[in-house]
Amino acid sequence: MGPLDTAAGSPDHTGRELRIKVQHLNHWFGEGDTAKQVLTDINLSVHAGEIVILTGPSGSGKTTLLTMLGGLRAAQSGSLRVLGEELLEADNTTLTRLRRQAGFIFQAHNLLPYLTALENVRFGLEVSPVWLGQGRLAMDDCAAAMLGHVGLGERVHYYPEKLSGGQKQRVAIARALAPSPRLLLADEPTAALDKTSGRDVVDLFRQLADSHGAAIVMVTHDNKILDIADRVVNLEDGRLVASA
Ligand SMILES: Nc1ncnc2c1ncn2[C@@H]1O[C@H](COP(=O)(O)OP(=O)(O)OP(=O)(O)O)[C@@H](O)[C@H]1O
């Protein structure tokens, strides 16, 4: 195995831990004659502490790739190593272990309607292996602090139905960030936010990458936040065509 063949989860020749290593990944929707290839020969590595922004036209495969990185969609061909686990043909135990270590911010916020903002964020901590065995008070302190960081310190006891779209988005962001995940996957995280809140959120991403070594992959069309990225990769028609 040469230095470029390092597996995700171990340091590569630069000494930085590889969190994601995608090689020759292909993905199809449908079967037989109606199968449509949506990802073609994707190769992508993301290190600890790195923020990678994924851009590309609508339908180019960004969300499909992001969900595969999080073990939310089965890989069909190629290799997809994330946090040291091979996801191709991975069993449910492996996928669940991965999902519990990752933070997800997707456009449908998936907040639990019968839990307050604080309880939704605490729920993110309760399922995190890092917080296993921690007391409820410690979790509530962390959840309240994170809600404060996203500008919702005054609304910790609100239920989702009493919050605006942007506020719900910020609760979802707080829920994903609170456990300080080793991997953060975000699909248009600033879409529902004004310019200042959007900037505050990506500043929190930067802190998570710098202080906890999280690897972050974010899909965005928001040109105002591109500067936060260590690297911008571009998907076109299912192929990675540019990398800066
Ligand atoms: N569950 C599915 N079944 C069949 N086709 C799908 C499915 N999900 C996505 N597709 C198709 O796969 C292609 C890639 O979709 P994907 O959502 O990954 O693109 P995207 O780049 O994230 O687009 P957008 O920027 O509009 O969110 C599109 O042609 C889409 O219609």
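Lysine 36 is exposed in this predicted model. Within 10 Å of its C-beta atom lie 9 others, and the limit for an exposed residue is 12 or fewer. Lysine 36 belongs to strand E2, which covers residues 36–47. Leaving aside residues up to four places away in sequence, lysine 36 touches Trp28, Phe29 and Gly30. Valine 22 is 14 residues from lysine 36 along the chain. The C-alpha atoms of these two residues are separated by 20 Å.

Two residues stand out by their backbone angles. Histidine 24 is not a glycine, yet its phi is positive, at about 50°. Histidine 24 sits in strand E1, residues 18–29. The residue is exposed, because 12 other C-beta atoms lie within 10 Å and 12 or fewer is the criterion for that class. Aspartate 237 also has a positive phi, near 50°, and is a residue other than glycine. Its place is in a loop. That loop runs between strand E9 (231–236) and strand E10 (239–243). Aspartate 237 has 14 C-beta neighbours inside 10 Å and so counts as partly exposed.

The ligand has a shell of named residues. Phe29, Val38, Gly56, Ser58 and Gly59 are among them. Ser60, Gly61, Lys62, Thr63 and Thr64 also belong to the residues that surround the ligand. Phe29 thus appears in two settings: it surrounds the ligand with others, and it is touched by lysine 36. Sorted by class, the shell holds two nonpolar residues, seven polar residues and one charged residue. Helix H1 (residues 62–69) supplies three residues, the largest share of the shell.

The fold as a whole comprises six helices and 10 strands. The radius of gyration is 18 Å, close to the 18 Å given by the globule rule for 244 residues, so the protein is as compact as a globular protein of that length. The C-alpha trace spans about 50 × 35 × 35 Å along its principal axes. Of the 244 residues, 40% are buried. Contacts with a separation of 6 or more were also examined. Among these, 68% join residues 24 or more positions apart.

Helices H5 (residues 165–177) and H6 (residues 195–212) pack against each other at an angle of about 5°. Their axes are 12 Å apart. The small angle makes H5 roughly parallel to H6, because angles under 35 degrees fall in that class. On the H5 side, the contact is made by Gly166, Arg170, Ile173 and Leu177. On the H6 side, Ser197, Val201, Leu204 and Leu208 take part. The residues of this contact comprise five nonpolar, two polar and one charged.

Helix H3 (residues 117–126) is largely enclosed by the rest of the structure, because seven of its 10 residues are buried. A residue is buried when 20 or more other C-beta atoms lie within 10 Å of its own. The buried residues of H3 are Ala117, Leu118, Asn120, Val121, Arg122, Gly124 and Leu125. These buried residues pack against helix H4 (136–149) and H5. Helix H5 therefore has two partners described here: H6, with its axis 12 Å away, and H3, through the buried residues of the latter.

How values were computed:
Residues numbered from 1 in each chain as written. Predicted model: local features only at pLDDT ≥ 70, side-chain atom pairs only at ≥ 80, totals over all residues. Near = placed C-beta within 6 Å. Helix = DSSP H or I, 4+ residues; strand = E, 2+ residues; numbered from the N terminus. Nonpolar A, V, L, I, M, F, W, Y, C, P; charged D, E, K, R; others polar. Rg over C-alpha atoms; globule rule 2.2 N^0.38 Å. Contact = placed C-beta atoms within 7 Å. Axes fitted to C-alpha atoms, helices over the stretch in contact; angles between N-to-C directions. Parallel < 35°, antiparallel > 145°, perpendicular 65-115°, else oblique.
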